[in-house]
Amino acid sequence: MKRLLSIALALCLVLGALPLSAMAADSATVESTIRAMGIMTGHDNGDMDLDGYVTRSQFAKMMVMASNYRDTVGEDSNMSLFTDVRSTHWAAEYVRIAVEQGWVQGYSDGTFRPDQTITAEEACTALLRMLGYENTDLAGTYPNAQISKARSLGLDEGITMTRGQDLTRRDVMYIFYNLMTAETKAGSVYATTIGYSLTASGELDYNAVVRENLEGPYTLGPGESIPHTGTSVYRDGAVSSLSALNTYDIWYYSSNLNTVYAYSTRVTGTYTAASPSQVSPTSVTVAGGTYTLGTAAAVQKMSTMGSFTYGDQVTLLLGMDGTVADVISAVESEQVVYGVVTGTGSESYPTGGGQVSASRTVSVACTDGVVRQYSVSSGSYDPGDLVSVSYSGSQSGVRRLSGQSTSGTVNRDGTKLGNMTLADNVEILDTDGSGNYCVVYPQRLAGTTLRSGDVRYYATNEDGEITHLILEDATGDLGTYALLTEVSESSAMENMYGTYQWIANGTQGQATVQRKNFGAKTGGARILYEDGAVSSIRNLQSVTLTGLTASTATTRDGSYDVWEQVQVYIRDGSTYSLVNVATVSDLDQYRLTGWYDSLGCSAGGMIRIIVATEK
């Protein structure tokens, strides 16, 4: 199972795709996008002064920062184009570029009037020129023709813009925001002409906007500190602080947003392969997984000219895009991995001189949801065993864990378990003792009381916060939820068997077991697997629904939470069509049967399957 990454949009500063539609965008989204692009960054104290007015020189700078010339501006200009914009003027370079590109003009008296407030018609004229439009492309005369064309392109979405109006910084912020998705004369979306990418839905990719102006990646070395104060800090997508960053975190800095983005994802294991070659690798295999090398430093360290070779125990430090930003030895990282065994195997790698080294491995589903392979020299391991992995010298130490349990209620913020605090980056894994597992996020457990039998193991940091938590089927989310459509079982001792057909997530499935059966019947069920074969089928409890939303199902006797991955089917005879909750929420049209897990899971009891039939 793969870990689902849910990254908050908090203040729109976390790297994620944001819609660039001014009609739908709120002021915070517009402001953060324009900040990220460096078009407007505010005063030294970060205040955007949105009610203040924009001067002609300021607008010239904004235009340059919203163009392909944003990286060409030098510290000083050696040209004095206007009597009032000498080479020493702070905006001289911006004015020069804007004039040379034909976006703006000076006055007949040889002045530019840099401190004069810019008007709506002046702004529209300049931006239309940036988009490639000429006066001959407009219908009418100045300035009505310019304002009318700007409106038709959507440059005024979110604001009111009239002839003769002095524009505020808020007005201009929206205008440049709208400029990004405006159509050029050549028929392109403007943002793409200056190097930004669009999402599949045609919106500006906010991720690309932020990356455009990021410094880094950097590795936070031992004893080092980040040389930026008064910044916003995000670590692994969550609001954090500089003091919360750890040695060997990978970090980036956006000067436009005055924000540090830090990432703590690490992969530790044996270095066994490089592609296309160890001489000049672009990707490497460590702990059984293949990772792209994202920096020149990482390429050098993993090459034949670098610090590491096949067989070494290394730690890959991953950056924001999941590629390798840096590499250190496994011993340096002092990383301890926790997880559940999913299987065993072997690995081999060349050691030079035509020799090959081979070793036994154990596959571990780590608490971050990734299955990795670790070398073992002794001992036996079975699926479902709890283990930790640490490093000493060149050897990995895979150690079977004995139970360390606790109990208590997870608060509604998902920040505490009983009296113990969950670390900001806590990793939680639910297991069933047979090697099945799924990643759990704290909010999934909010309000749930975990019994001692629900917690197989937990580990803490130096502050006593829980950093790793391994559960025993506490959520009910393990396995496959399915709708059994046909069941045939025999309980005769000399010929015991079970044959089952089902539909799960819209796909047909079936299984036959010999010398046993599961005592199941048609309807909702949970199916568990072991070593790729069905090991358990248990029926869910059915209930008639009297109300339904995306999160809650009501009955005559109460209500149930609806699973985020609930399967909803419309039944027509023997045919089941997979739909969404909204499709069947009209109870005047459908009779609804919900199936919930009554399997004793502390955080279970959710509606997993809904079947709708027309009245």
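**View 1. Helix H1 and the glycine that follows it.** Right after helix H1 comes Gly38, a residue with a positive phi, near 80°. This is a predicted model, and the views below walk through some of its details. H1 itself spans residues 27-37 and is mostly covered, with eight of its eleven residues buried. Those eight are Thr29, Val30, Ser32, Thr33, Ile34, Arg35, Ala36 and Met37. What do the buried residues of H1 pack against? Their partners are three helices: H2 (56-65), H6 (169-179) and H8 (206-212).

**View 2. Phe82 in the loop between H2 and H3.** Phe82 belongs to the loop that links H2 to helix H3 (92-100). Is Phe82 buried or exposed? Its relative accessibility is 10%, so Phe82 counts as buried, the cut-off being under 20%. Leaving out residues up to four places away in sequence, Phe82 touches Val95, Val99, Gly106, Gly110, Thr111 and Phe112. Pro114 is 32 residues from Phe82 along the chain, and the C-alpha atoms of the two are separated by 9.8 Å.

**View 3. Two arginines over aromatic rings.** Phe112, one of the residues that Phe82 touches, has Arg56 over its face, at 4.3 Å from the ring centre. A second case involves Arg113, whose charged end sits over the ring of Tyr107, 3.7 Å from the centre of that ring.

**View 4. The largest nonpolar core, seen from Met63.** How many residues does the largest nonpolar core have? The count is 75, and the residues with the most contacts inside this core are Ile39, Phe59, Met63, Leu127, Phe176 and Met180. Take Met63 as a starting point: beyond its neighbours within four places in sequence, Met63 is in contact with Trp103, Val104, Ala126, Leu127, Met130 and Phe176. Two of these partners, Leu127 and Phe176, are themselves on the list of residues with the most contacts in the core. Another core, of 28 residues, lies apart from this one and includes Ala553, Val584, Ile607 and Val611.

**View 5. An open five-stranded sheet.** Here the strands follow the order E1-E4-E5-E2-E3, with mixed pairing, and the sheet is open. Which strands stand at the edges? They are E1 (214-219) and E3 (238-239); each has a single partner strand, so one side of each is left without a neighbour in the sheet. Within the sheet, E4 (residues 250-254) and E5 (residues 259-263) are paired antiparallel through five bridges. If you would like a landmark for the register of this pair, look for Trp251, which stands opposite Ala262 in E5.

**View 6. Tyr252 and Tyr263, an aromatic pair across E4 and E5.** The structure has twelve aromatic pairs by the rule used here, with ring centres within 6.5 Å. Why is the pair of Tyr252 and Tyr263 called edge-to-face? The ring centres are 5.9 Å apart and the planes meet at 80°, which is over the 60 degrees needed, so the pair falls in that class. Because Tyr252 lies in strand E4 and Tyr263 in strand E5, the pair ties together parts that are eleven residues apart in sequence. Both rings belong to buried residues: Tyr252 has a relative accessibility of 7%, and Tyr263 has a relative accessible area of 14%.

**View 7. The hairpin of E24 and E25.** Strand E24 (residues 497-504) runs antiparallel to strand E25 (residues 507-514), and eight bridges join them. Gln501 faces a residue of its own kind, standing opposite Gln510 in E25. The two strands form a hairpin with two residues between them, and in that turn Asn505 has a positive phi of about 55°.

**View 8. Cysteines without disulfides.** How many disulfides does the structure hold? The number is zero. Cys601 is in no disulfide, and the nearest cysteine sulfur, which belongs to Cys438, is 10 Å away. With a relative accessible area of 10%, Cys601 is buried. Cys124 also counts as buried, at 2% relative accessibility.

**View 9. The whole chain, for orientation.** Stepping back from the close-ups, the chain has ten helices and 34 strands. Its C-alpha atoms fill a box of roughly 105 × 75 × 50 Å along the principal axes. Of its 615 residues, 50% count as buried. Among contacts between residues at least 6 apart in sequence, 58% join residues at least 24 apart.

Notes. Residues numbered from 1 in each chain as written. Predicted model: local features only at pLDDT ≥ 70, side-chain atom pairs only at ≥ 80, totals over all residues. Heavy atoms only, no water. Pairing = 2+ DSSP bridges. Helix = DSSP H or I, 4+ residues; strand = E, 2+ residues; numbered from the N terminus. Phe/Tyr/Trp six-rings, centres within 6.5 Å; stacked < 30°, edge-to-face > 60°. Buried < 20%, exposed > 50% of the residue type's maximum accessible area, 1.4 Å probe, protein only. Lys NZ or Arg CZ within 6 Å of the ring centre and 35° of its normal. Core = buried A, V, L, I, M, F, W, Y, C linked by side-chain atoms within 4.5 Å. Contact = heavy atoms within 4.5 Å. Disulfide = S-S within 2.5 Å.
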